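Here are my notes on the aromatic residues and the nonpolar core. Have the model open as you go through them.

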Amino acid sequence: MKKKTFKNTLAVALLSCAALGASVAHAASQSYTINLTATVPAHTFQVDPADSGWITQTQTMEFDATSRTLKPFEKQFKYKSTAGAIQAKLTGSLAMGQAMITGSNGFVIPLTVKFNNTDLTNTTTTVVTAAAAKTGGTATLHIAPASSTELTEGTYTGSVAMIFEPVVD
């Protein structure tokens, strides 16, 4: 009887070890789900920031204490258009076709906005020729105070809104 009990106990012990080993092996596994997204722009037209992280964040125009003016804000954009030249214009809050920032003190600072060294206003203008657009490249967005007159103390805020469109030949 003792032999049978010993065999039963040994069998139970072996089965328990096997089950424990299987659960330990199972506990060591890990699984992950990676969610992905991708955007493929139109082959015929594209104007995008070269570094995309800044475009959705508020940007600071630095104050130059020596000249008491705001330093220009500049960023690079990539462009390509197989449809033709690229045109642009300012949209949104404009004063006489110009972008502006308004101070907490009630003063307004008119801004000059240039893309690829071309002044932008509320009137559509060509900013990249058809030949350059077909090849693709980069251009500088330049935003600066329209004049160098001394500024009045205050906190100034505003937005510069632009739209880019292909000129279809």
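Which residues form one aromatic cluster?

1. The cluster is made up of Trp-54, Phe-73, Phe-77, Phe-115 and Phe-164. Bear in mind that this is a predicted model. Searching the whole structure turns up five aromatic pairs, and two of them are worth a look below.

2. Start with Trp-54 and Phe-77: the ring centres sit 6.0 Å apart with the planes at 80°, and since anything over 60 counts as edge-to-face, that is what this pair is. Trp-54 comes from the loop between strand 1 (45-49) and strand 2 (63-64), while Phe-77 belongs to strand 4 (residues 73-81), so the contact ties together parts 23 residues apart in sequence. Both Trp-54 and Phe-77 are buried.

3. Phe-77 also pairs with Phe-164, with centres 6.2 Å apart and planes at 40°, so this one is tilted. Here strand 4 meets strand 12 (residues 161-166), and the pair therefore links parts 87 residues apart in sequence. Phe-77 has a relative accessible area of just 3%; for Phe-164 the value is 16%, which still makes Phe-164 buried.

4. Now the core. The largest nonpolar one has 26 residues, and Ile-86, Phe-115 and Val-127 have the most contacts inside it. Strand 7 (108-115) is among the elements giving two or more residues, as are strand 4 and strand 10 (137-145). The largest share, four residues, is from strand 7.

5. Phe-115 deserves a click: a member of the aromatic cluster, Phe-115 touches Phe-77 and Phe-164, and its other contacts include Val-47, Leu-120, Val-127 and Leu-141.

Note on methods: Residues numbered from 1 in each chain as written. Predicted model: local features only at pLDDT ≥ 70, side-chain atom pairs only at ≥ 80, totals over all residues. Heavy atoms only, no water. Phe/Tyr/Trp six-rings, centres within 6.5 Å; stacked < 30°, edge-to-face > 60°. Buried < 20%, exposed > 50% of the residue type's maximum accessible area, 1.4 Å probe, protein only. Core = buried A, V, L, I, M, F, W, Y, C linked by side-chain atoms within 4.5 Å. Contact = heavy atoms within 4.5 Å. Lists of a residue's contacts leave out its neighbours within four places in sequence.
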